[in-house]
Amino acid sequence: MAAWILFLILGLSGGWAEAASQQLIKGAEQEGKVVYYTTMSVQETDRILREFKKKYPQITTESFRITKERLLTRLLAEDSANRTGADVVSVNDMVMELLRLRGILGKYDNPEAAAYGAGFKERSGYWTGLYGPTAVIVYNSKMVKPEDVPRTYDDLLQPRWKGKMGMDGSKWEWFAAQLQIMGQEKGMAFMKKLASQDLQFRTGITLLTQLTAAGEFPLIVYGYAHSAEEFLSRGAPIGWTPIQPIFMNLVGVGLTAKAPHPNAARLLGEFLTSREGQSIISSMHRVPVRPNVPADPPRLTQGLNFFALKPETAENYLELEKLFFKTIRGK
C-alpha cells in the first residue's frame, strides 16, 4: 500500500510540475519578449539567445552587453527612476550581491538551482551560478621549465621571478579570495611579499595571456584557465597550473524584482541554468557551474576544488578594493 501511495504522490507531483511548466511557457509567450543584461561577449550572448529562441520561437529576445561597472550603474539609475529595463541579469557574484542588497534582484524559486552546490548559488534563491572563470597561474612553456613551474603561491616569492611576473592591476576579487583562503594575517603577509616582487601591471586577462604567449614575461600571477586553453588550442606556448583551492570568479544569473516580462524572465533564467543551457556554456569553452555538465576540455574542472567569494564580501568591497590597490600597487 505504501508503495502505491508513494507512486501516486510522485505521479501527482510530476503532473503538477508539468502543468506549472506549461503555464509558465504560456505566460511567457503571451508577454512575447525578454530583455537580458549581461557581461558576456556579444557573440556568446547571441549564441545562447538563438538556442533559447529555437526552443521558444514565440518569444522575442533583446540583449545589452556591457561591462560590470556600467551594468551596475545602469540598473541603479533605472531603479532610482522607478523603471526597470532588464528582465534577466548576469554579472559577477559581487555585483549580483550588491543588486540583491539594493532590492533590484527578485527572489524566485528556480527549480534548476537544486543541482548546484551551496557555494555556487545565492542561499535565499536570488541568483544561481552561470559560469566561472577560474584563477590559475599561466606561464610561457618555452620560458619556464617543467621543474620550475610554481606549485604553490609561495613559489612566486622566489628571487628568480622578481620583475618577471605580469598581473592585472584591477582585479581585487582574486586578492580578496586569497585573504579568505589563507586567512587575513597570513594572506596579507603573502600579498606584501608578492608586491615586493616588482609586478608588471597590465589591464585585461586576455591581454596578459597574449603577452605571456609572446614572451613579454614568463608568467602571470593569475590568469583564466579557459583563456589559456584557447591560446593553447591555437598552438601558443602556453601552460597553466592550478593552486588549490582555485578561486572561481563566479558569474551568476538572476531576475530583476520588477521584471517587465516576469514569465519570460523565469523561462530564460531556467534555460540558462538547465543542463541544456550549461552545455551551451561549456561548448563556448566557459567553465559551467552545474556539477553534472563537464567542462570542455574536462581538465578545466576535473579533480579540482573551487572557491567562490563569501557573499558578505560585497558589503565591504570598496574597502577591499582600496586595500588591494594600497598593498599590491602602493596606491
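Two strands count as paired if DSSP finds at least two bridges between them, where strands (E, at least two residues) and helices (H or I, at least four) are DSSP runs numbered from the N terminus. The structure is a predicted model, in which local features need pLDDT of at least 70 and side-chain atom pairs count only at pLDDT 80 or more, while totals for chains, interfaces and linings use all residues. Residues are numbered from 1 along each chain as its sequence is written, and side-chain values use heavy atoms, with hydrogens and water left out.

**Exercise 1. Determine the strand order of the open sheet that contains β9, and place helix α8 on it.**

Solution. Begin with one pair: β7 (residues 165–168) and β9 (residues 219–224) run parallel and are joined by 2 bridges, and G166 has I220 of β9 as its bridge partner. Next take β6 and β10, which pair in the antiparallel sense over 4 bridges; here the partner of I137 in β10 is T241. The full order of the 5 strands is β8-β7-β9-β6-β10, with mixed pairing. The edges are β8 (200–202) and β10 (238–241), each of which pairs on one side only. On average, neighbouring strands of this sheet are turned by 40 degrees against each other, direction ignored. Helix α8 (residues 225–233) packs on the sheet and touches β6 (135–140), β9 and β10, a contact meaning heavy atoms within 4.5 Å. The direction of α8 makes about 155 degrees with that of β10, where axes are lines fitted to C-alpha atoms, for helices over the stretch in contact, and angles run from 0 to 180 degrees between N-to-C directions.

**Exercise 2. Assign the residues of β10 to the two directions in which they point, and state their burial.**

Solution. In a regular strand the side chains alternate between the two faces of the sheet. In β10, I238 and W240 point one way, whereas G239 and T241 point the other way. All of these residues are buried, that is, under 20% relative accessible area, with exposed meaning over 50% and partly exposed in between (1.4 Å probe, protein chains only).

**Exercise 3. Classify the packing of α5 against α11 and analyse its contact residues.**

Solution. First the geometry: α5 (residues 172–182) and α11 (residues 317–329) pack at an angle of about 95 degrees, with their axes 9 Å apart. This makes α5 roughly perpendicular to α11, since angles of 65 to 115 degrees fall in that class, those under 35 count as roughly parallel, those over 145 as roughly antiparallel, and the rest as oblique. Then the residues: α5 contributes W172, F175, A176 and L179, and α11 contributes Y317, L320, E321, L323, F324, T327 and I328. They divide into 9 nonpolar, 1 polar and 1 charged, where Ala, Val, Leu, Ile, Met, Phe, Trp, Tyr, Cys and Pro count as nonpolar, Asp, Glu, Lys and Arg as charged, and the others, Gly among them, as polar.

**Exercise 4. Describe the surroundings of F52.**

Solution. F52 lies in helix α2 (residues 42–55), and it counts as buried because its relative accessibility is 0%. Leaving aside neighbours within four places in sequence, F52 is in contact with V34, I59, T61, L267, L268 and F271. By contrast, Q197 is 145 residues from F52 in sequence and 48 Å away in space, C-alpha to C-alpha.
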